[in-house]
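Trainee: I should like to learn how to read a structural model feature by feature. May we begin with the surroundings of a single residue?

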Amino acid sequence: MSVRDTTSQAPAWPRDVFEAKLRALGARYHIHHPYHRLMHEGRASRAQIQGWVANRYHYQVCIPIKDANVLANCPDPATRRLWVQRILDHDGTGDDPGGIEAWLALAAACGMDRDRVAAETDVLPGVRFAVDAYVNFARRASWQEAACSSLTELFAPEIHQQRLTGWPDHYPWIADDGLGYFRKRLSEARRDVEHGLNVTLDHFTTRTDQERALDILQFKLDVLWSMLDAMWMAYVEDRPPYQGCPPVPEIDHDD
């Protein structure tokens with residue numbers, strides 16, 4: 001009998017045990033990545049902070065696309081009414097410019113060219129591949145699986161609070177009004193967690209399904225960790241993509 005067959009016959013974990021197992025994966029949240037520790041401890045250079053802001057922008061603009069995929073796959077109007085708020089949080093409304101705009105304000109507060117960040121000129125290939133894999137997962141998965149993948153929000157309020165508390169002292173060159181994104185997400189993430197967690201606990205009710213949910217959350221953790229791996233290579237190890245390669249030659253062609 002295969003391991004999968006054995007697991008499929010095991011009893012489902014009680015709801016509280018399943019939730020505890022989901023939360024335990026916070027031990028692998030990217031808050032523990034060396035790049036994040038560098039930033040949190042005030043040891044990151046200006047270029048390393050700016051590199052993180054520029055690359056993380058690709059993640060920010062893809063989040064509402066991911067959430068639109070959840071809506072597209074979800075037949076339940078009540079769920080859609082709740083989930084659509086996530087798109088509005090990032091894209092903005094008439095009264096609120098939204099999280100994407102707040103991230104561009106952070107870029108400006110870090111002394112970066114807003115248009116260059118918005119054009120994603122400096123996004124590393126590894127970051128782009130990781131984020132796009134997440135969006136593609138949400139496009140292909142069931143809406144409940146895509147909702148489960150969002151549960152890294154369980155661990156997000158801590159990281160936002162750390163930045164609000166530590167960055168003004170560690171990085172006084174960042175204008176304080178640029179930290180609005182982190183203030184905004186403190187309350188939004190807590191609200192989103194409650195809904196996403198309930199969807200997951202309600203839907204993944206067999207042991208096999210619960211194991212699948214843990215795998216999905218681990219996949220999302222892998223996405224976030226891989227993004228920082230790419231940034232570490234480029235901005236800490238000083239080994240950006242294609243370093244040492246000869247320049248691409250100009251090829252003459254007839255019009």
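Mentor: We may. The model is a predicted one. To read a residue's surroundings, one sets aside its sequence neighbours and lists what remains in touch. For T152, discounting residues up to four places away in sequence, the list is Y29, L217, K220, L221 and L224.

Trainee: Where is T152 found, and is T152 buried or exposed?

Mentor: T152 sits in the loop between α9 (143–149) and α10. Its relative accessible area is 4%, and because buried means under 20%, T152 is buried. As for distance, the C-alpha atoms of T152 and A130 are separated by 15 Å, with their positions 22 residues apart along the chain.

Trainee: Let us turn to the overall fold. How many helices and strands does the protein have?

Mentor: The protein has 12 helices and zero strands. Its pattern along the sequence is therefore written with α alone: α-α-α-α-α-α-α-α-α-α-α-α.

Trainee: How compact is the protein in comparison with a globular protein of that length?

Mentor: One compares the radius of gyration with a rule for globules. Here the radius of gyration is 20 Å, close to the 18 Å that the rule gives for 255 residues, so the protein is as compact as a globular protein of that length. Along the principal axes, the C-alpha atoms fill a box of roughly 60 × 45 × 40 Å. Of the 255 residues, 49% count as buried. Among contacts with a separation of 6 or more, 80% are between residues 24 or more positions apart.

Trainee: Which residues touch the most other members of the largest nonpolar core?

Mentor: That core has 68 residues, and those touching the most other members are I49, W52, V53, W167, I174, F182 and M227. Several helices give two or more residues to this core, including α4 (46–73), α6 (99–109), α11 (180–203) and α12 (207–236). The largest share comes from α12, with 12 residues. Apart from this core lies another, of 10 residues, among them L71, C74, W83 and A138.

Trainee: With what is V53 in contact, leaving aside its neighbours within four places in sequence?

Mentor: V53 is in contact with W103, L106, A107, C110 and M112. W103, L106 and A107 are among the buried residues of α6. In total, eight of the 11 residues of α6 are buried. As a general idea, an α-helix has 3.6 residues a turn, so residues three or four places apart point the same way. The buried residues of α6 also include G99, I100, A102 and L104. After α6 comes G111, which has a positive phi, near 80°.

Trainee: How does one judge whether a helix has its expected length, and where does α4 bend?

Mentor: One compares the end-to-end C-alpha distance with a rise of 1.5 Å a residue. For α4, with 28 residues, the distance is 41 Å, close to the expected 40 Å. α4 bends by about 30° at C62, and the proline P64 follows within four residues. Of the 28 residues of α4, 22 are buried. For α12, the 30 residues should span 44 Å, and the end C-alpha atoms are 42 Å apart, which agrees. Just after α12, D238 takes a positive phi of about 55°.

Trainee: What of a charged side chain: is K184 buried or exposed?

Mentor: K184 is in helix α11. At 16% relative accessibility, K184 counts as buried. Beyond residues up to four places away in sequence, K184 touches D89, D96, G98 and G99.

Trainee: And what is G92 in contact with, leaving aside neighbours within four places in sequence?

Mentor: G92 is in contact with I87, P97 and G98. G92 lies in the loop between α5 (77–91) and α6, and counts as buried at 18% relative accessibility. G92 and A102 are 10 residues apart in sequence, and their C-alpha atoms are 9.7 Å apart in space.

Trainee: Finally, how many disulfides does the structure hold?

Mentor: A disulfide is a covalent bond between the sulfur atoms of two cysteines. The structure holds zero disulfides. Two cysteines may be read by accessibility instead: C110 counts as buried at 1%, whereas C245 counts as partly exposed at 48%.

How values were computed
Residues numbered from 1 in each chain as written. Predicted model: local features only at pLDDT ≥ 70, side-chain atom pairs only at ≥ 80, totals over all residues. Heavy atoms only, no water. Core = buried A, V, L, I, M, F, W, Y, C linked by side-chain atoms within 4.5 Å. Buried < 20%, exposed > 50% of the residue type's maximum accessible area, 1.4 Å probe, protein only. Contact = heavy atoms within 4.5 Å. Expected span 1.5 Å × (residues − 1). Bend = angle between axes of the 7 residues up to and from the residue. Disulfide = S-S within 2.5 Å. Rg over C-alpha atoms; globule rule 2.2 N^0.38 Å.
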